[in-house]
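Reader: I have this model open on my screen and would love a close look at one part of it. Could you pick one residue and walk me through what surrounds it?

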Amino acid sequence: DGWKAEILITCGGPTVSISLDSRWEFGTLHHSWGAKASGEAQTSIELHSRALHEAVNDIVEMGAE
């Protein structure tokens with residue numbers, strides 16, 4: 001009845017991902033230049049975006065048609 005989505009953005013630089021779940025009105029933006037094991041800095045930010053959730057929901061509904 002719900003969905004989970006991960007939007008991954010990377011192009012020769014840091015990895016940026018946004019994780020969303022239809023059960024909650026917030027997601028997590030994660031920014032990293034490397035893996036934790038390497039000691040590289042990582043950042044996670046709680047993201048409140050109704051518009052982003054609605055956009056992903058529209059995509060999920062289009063795929064169900």
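Author: Happily! Let's start with His-53, which is buried because its relative accessible area is 10%, below the 20% cut-off for that label. Please keep in mind that this is a predicted model.

His-53 is part of helix H1, which covers residues 50–64. That helix lies across S1, S2, S3 and S4, and its direction makes an angle of about 80 degrees with S2.

Now for the neighbours. Leaving out residues up to four places away in sequence, His-53 touches Trp-3, Leu-20, Asp-21, Trp-24, Glu-25, Phe-26 and Gly-27. One of these contacts can be described in finer detail: a polar atom of the His-53 side chain lies 2.9 Å from the backbone oxygen of Trp-24.

Trp-24 is worth a pause. By the ring-pairing rule there is one aromatic pair. The rings of Trp-24 and Phe-26 form it, and the pair counts as stacked because the planes are at 25 degrees, with the ring centres 6.2 Å apart; the stacked label needs planes under 30 degrees apart. Both partners also touch His-53. How buried or exposed are they? Trp-24 has a relative accessible area of 40%, so it is partly exposed. Phe-26 is partly exposed as well, because its value is 32%.

Next, the sheet under the helix. It is an open sheet of four strands in the order S1-S2-S3-S4, paired antiparallel. At its edges are S1 (4–9) and S4 (42–48), each of which pairs on one side only. Neighbouring strands are turned against each other by 15 degrees on average, with direction ignored. Within the sheet, S2 (residues 15–21) and S3 (residues 26–32) run antiparallel and are joined by five bridges. If you want a spot to find on screen, look for Ser-19, which stands opposite Thr-28 in S3.

Finally, two of the residues that touch His-53, Trp-3 and Leu-20, lead us to the largest nonpolar core. This core has five residues: Trp-3, Ala-5, Ile-18, Leu-20 and Val-56. From Val-56 you can trace contacts to Trp-3, Ala-5, Ile-7 and Leu-20, again not counting residues up to four places away in sequence. So that is the picture around His-53: a buried histidine in helix H1, in contact with Trp-24 and Phe-26 as well as with Trp-3 and Leu-20.

Notes: Residues numbered from 1 in each chain as written. Predicted model: local features only at pLDDT ≥ 70, side-chain atom pairs only at ≥ 80, totals over all residues. Heavy atoms only, no water. Core = buried A, V, L, I, M, F, W, Y, C linked by side-chain atoms within 4.5 Å. Buried < 20%, exposed > 50% of the residue type's maximum accessible area, 1.4 Å probe, protein only. Contact = heavy atoms within 4.5 Å. Pairing = 2+ DSSP bridges. Helix = DSSP H or I, 4+ residues; strand = E, 2+ residues; numbered from the N terminus. Axes fitted to C-alpha atoms, helices over the stretch in contact; angles between N-to-C directions. Polar contact = N/O pair within 3.5 Å; in protein donor to acceptor, adjacent residues only side chain to side chain. Phe/Tyr/Trp six-rings, centres within 6.5 Å; stacked < 30°, edge-to-face > 60°.
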